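Reader: I'd like a close look at one part of this model, and then a walk outward from there. Could you take it slowly and keep it connected?

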Protein chains: 2
Amino acid sequence: MNYPNGIRKEKKKDSIINSWSHKNRGLSLEGEINDSNEYYRNIDKAYIYKKPTPIKITKVDYPTRASTVIKEAFFTIPSTTDYNGLYRGKYIDFEAKETKSKTSFSLSNIHSHQIKHLQNIENHQGISFLIVRFSTLDETYLLQTKYLTEFLTKEEKKSIPISYFRENGFLLKNEYQPRIDYLKVVDQIIGGI
Amino acid sequence: MNYPNGIRKEKKKDSIINSWSHKNRGLSLEGEINDSNEYYRNIDKAYIYKKPTPIKITKVDYPTRASTVIKEAFFTIPSTTDYNGLYRGKYIDFEAKETKSKTSFSLSNIHSHQIKHLQNIENHQGISFLIVRFSTLDETYLLQTKYLTEFLTKEEKKSIPISYFRENGFLLKNEYQPRIDYLKVVDQIIGGI
């Protein structure tokens, strides 16, 4: 099991701090997506949320009914993806990941059941995709599940080269508001359905 | 803040134990819905999941990278509802609650922002509703958001009488598989859109 691990949580911690104290600079991908989703909600455009981190609670203290404290819990493997919601009457579902690699995105970053989940969504007329940021290069791509599936079907490789994202994905540029306007791409995907 | 509280968590614990050890009898509403959703997924009918319980983590121990333990965390107020997913290309979103009352369902059981969320979903062509079980009477109703909104607009009351559910909701009977076939009602709702 390669999840949870220290690195992932460190990143998470940073991203929480970032999204709170540096609202407009140096956000992590997660922070930028959360901000963008908040913006979309504020203008009544879309209702897409990040799911809470799944944990298994093993010890709880109830000193009073109002002050319950979880004293022991463990991170568990998520059943689905991090983000889902509603836009233009469509069910939207995606996973977002960052990599420091300049050349490829390792598939070890996504659980196989998460890939299966993205495929199930696509098969049932939902819109599902990955958002992958190559942070060293500052390039962020939206890759539809159908291209992920195509890669997995054709290739034996355990990582997707950046060239595959450049050819088959949509480049997501950083903007001011929303920080990362991925629904512009979703509009194109819906147009093409 | 009336959440979290001891009662709710006790119920949660029971429901987890129930859904694990008493697969086919005496399930809580939550356990029955989880079982039904699992059944729907197994037959590739719908992909609807319960969201993880939202918590705020304040202390984490990293003895090794593989054995991270959360040492302190708190329950936080959920931003949305407990369940969402995809069925027949539609975005589905709902909250499920049990009450011991024989006469009414207290609106203190749902946060006002959860009601707003259900309304946002309905306004954006999603399908949203409440599932409420009057456990003492063993009656379970699905109430569409439009009727919840109608009640809130017309009435000053802080609880919805059971007669309102009987008149405007759909009665959900207990079945064998799935335990609670609420998608049968969703079919009627979709048919009526």
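Reader: Is B:Ile57 buried, exposed or partly exposed, and why?

Author: Keep in mind as we go that this is a predicted model. B:Ile57 is partly exposed, because 19 other C-beta atoms lie within 10 Å of its own, and a residue needs 20 or more to count as buried. You'll find B:Ile57 in strand 2 of chain B, which covers residues 55–61. Setting aside neighbours within four places in sequence, B:Ile57 is in contact with B:Ile70 and B:Ala73. As for B:Thr76, 19 residues separate B:Ile57 from it in sequence, and the C-alpha to C-alpha distance between the two is 9.9 Å.

Now follow B:Ile70, since that contact takes us to the other chain. B:Ile70 sits in strand 3 of chain B, and the residue opposite is A:Ala73. Strand 3 of chain A pairs with strand 3 of chain B (residues 69–75) in the antiparallel sense, over 2 bridges. As a reminder, strands of a sheet pair through backbone hydrogen bonds, either parallel or antiparallel.

That pairing is one piece of the interface, where 33 residues of chain A are in contact with 33 residues of chain B. On the chain A side, the elements that give two or more residues include strand 2 (55–61), strand 3 (69–75), strand 4 (83–87) and helix 3 (112–123). Strand 3 of chain A gives the most, with 7 residues. By class, the chain A side has 16 nonpolar, 12 polar and 5 charged residues.

How do the copies sit relative to one another? A turn of 180° with a shift of 0.0 Å along the axis lays chain A on chain B, with an RMSD of 0.0 Å. The two copies are thus related as by a two-fold rotation axis. What's more, 100% of the interface residues of chain A are also interface residues in chain B, so the copies meet through the same surface.

Moving on to the sheet, chain A has an open one of 6 strands in the order 1-4-5-7-8-10, with mixed pairing. Strand 1 and strand 10 (170–171) of chain A are at the edges with a single partner strand each, so one side of each has no neighbour in the sheet. Strand 10 of chain A pairs with strand 8 of chain A (residues 139–144) in the antiparallel sense over 2 bridges, and A:Tyr141 has A:Leu171 as its bridge partner there.

Back in chain B, strand 8 (residues 139–144) is mostly covered, with 5 of its 6 residues buried. Strand 7 of chain B (residues 127–134) runs antiparallel to strand 8 of chain B, paired over 6 bridges, with B:Leu130 opposite B:Leu143. Those two strands form a hairpin with 4 residues between them, and B:Asp138 in the turn has a positive phi of about 55°. Strand 8 of chain B is also joined by 2 antiparallel bridges to strand 10 of chain B, where B:Leu171 is the bridge partner of B:Tyr141.

A word on confidence: chain A averages a pLDDT of 87, and 85% of the residues score at least 70. Over residues 1–25 of chain A, though, the pLDDT is below 50, and that stretch has 25 contacts in the model beyond near neighbours in sequence. Where pLDDT is low, the predicted coordinates should not be read in detail. For the complex, the predictor gives an ipTM of 0.84 and a pTM of 0.85.

Methods
Residues numbered from 1 in each chain as written. Chains lettered and ligands numbered in written order. Predicted model: local features only at pLDDT ≥ 70, side-chain atom pairs only at ≥ 80, totals over all residues. pLDDT = per-residue confidence, 0-100. Contact = placed C-beta atoms within 7 Å. Nonpolar A, V, L, I, M, F, W, Y, C, P; charged D, E, K, R; others polar. Pairing = 2+ DSSP bridges. Buried ≥ 20, exposed ≤ 12 C-beta atoms within 10 Å, placed from the backbone. Least-squares fit on C-alpha atoms with pLDDT ≥ 70 in both.
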